[in-house]
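Hi,

Here is the structure I promised to pass on. Have a look at it first, then read my notes below.

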Amino acid sequence: MSADEAYRLVSRGTGLLWRGDFHNARQLLSAVSRRLQLPRRQAGSSPAEAFRLHRQEQSHRARTLALVLVPLDPGHVVPLGRAPDVRSACHDVYGPADTPCVVPLRELLGIIGAAQWRKKGIPIAALGARIHPHYGVFAPTRSEYVDLVAGCPLAPTSVAFDIGTGTGVLAAVLAQRGVERVVATDSSARAIRCARENIRRLGLTGRIEAVQTDLFPAGRAQLIVCNPPWLPAKPHTLLDQAIYDPGSRMLLDFLAGLAAHLQPGGEAWLVLSDLAERLGLRARTELLAAISQAGLGVVARSDARPSHPRATDPTDPLHAARAAEITSLWRLVVVGDGIDRT
């Protein structure tokens, strides 16, 4: 079968189960992918429209490429020539497997890549150590939000909460900065397992507790840190959930719950990019209104410019917004808590 014929079939919604050589399957997937190149942004389209089209094409691309399938025998064995040993990587993601199945080749390659990331880890300058992300957990490849938390003035703190901890990187930064006890939360069981593994690797088990819950744990803290998803849009994949927040639900719920979970005189650090504002998805006035409505005030803000490759890639359909993006750490307090911070 030619790549053109494969492309025509998957474009019509036909799944292709590959039975030949694994290396050739990868070549076919690459050839089909090249025929699905994303269109360039149309001249005159607004940032919001460019974002909508970009997401639409990304979704179409993912659905189409997911139709190139490979078999998995019991025990996560790929019964194809020159196939890699994926048993351990697949077990980490899927769990035990006693029956044969088929999986999208693109997904399997993602699992293989994630296993390498998990093994090697990502160097975090602020920690002087590596963080090991699991499949489906957002990897801290962007340093600016970590550096903002690492550099923000921090008073002696006995208890802090890290809301939406993911890999646990911010909880680890807080512990290394001297916070006596950090409670790291996430609604994802996968993220909590990842955070616990990183906490153990870093020797911080006695300082950080990872808890699966929606937003806040029980009790109050002197410091509450949150790096919520930055874009108010619908997620399509596991990783999307760390980037897209429908209706800014997590952001708004975090702000609304702060007053009930901050100790008197406590402070919240909200780490947020302004990319949503530059794409026309959320206005700065909406953010400020949500902060005010939650009974909070802003005492300071630190900003950082992007350092990731997309910010300097002129072929990216969202290049103008990404190049101008600023990530901020907002220091928030409860208004009228009677504490003099002068």
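How many bridges join strand 10 to strand 12, and do these run parallel or antiparallel? There are 6 bridges between strand 10 and strand 12, and the two run antiparallel. One to look up on screen: tryptophan 269 has arginine 331 in strand 12 as its bridge partner. As background, strands of a sheet pair through backbone hydrogen bonds. Before you go further, keep in mind that this is a predicted model.

Now the whole sheet. It's an open one of 7 strands with mixed pairing, and the order across it is 8-7-6-9-10-12-11. Strand 8 (208-212) and strand 11 (296-304) sit at the edges with a single partner strand each, so one side of each has no neighbour in the sheet. On average, neighbouring strands here are turned by 20° against each other, ignoring direction. Helix 8 (residues 189-201) packs on this sheet, where it touches strand 7 (181-186) and strand 8. The direction of helix 8 makes about 170° with that of strand 8.

Next, the empty space. The count is 1 cavity of 30 Å³ or more, and the largest cavity holds about 40 Å³ of space. Its lining is made up of Leu272, Ser273, Asp274, Glu277, Arg284, Leu287, Ile326, Ser328 and Trp330. Strand 10 (262-273), helix 11 (284-293) and strand 12 (327-334) are the elements that give two or more residues to that lining. Sorted by class, the lining has 4 nonpolar, 2 polar and 3 charged residues.

Cheers

Technical notes:
Residues numbered from 1 in each chain as written. Predicted model: local features only at pLDDT ≥ 70, side-chain atom pairs only at ≥ 80, totals over all residues. Heavy atoms only, no water. 1 Å grid on protein atoms, 1.4 Å probe; cavity = no way out; pocket = protein on both sides within 12 Å on 5 of 7 lines; lining within 4 Å. Points joined across faces, edges and corners; volume = space filled by probe spheres on them. Helix = DSSP H or I, 4+ residues; strand = E, 2+ residues; numbered from the N terminus. Nonpolar A, V, L, I, M, F, W, Y, C, P; charged D, E, K, R; others polar. Pairing = 2+ DSSP bridges. Axes fitted to C-alpha atoms, helices over the stretch in contact; angles between N-to-C directions. Contact = heavy atoms within 4.5 Å.
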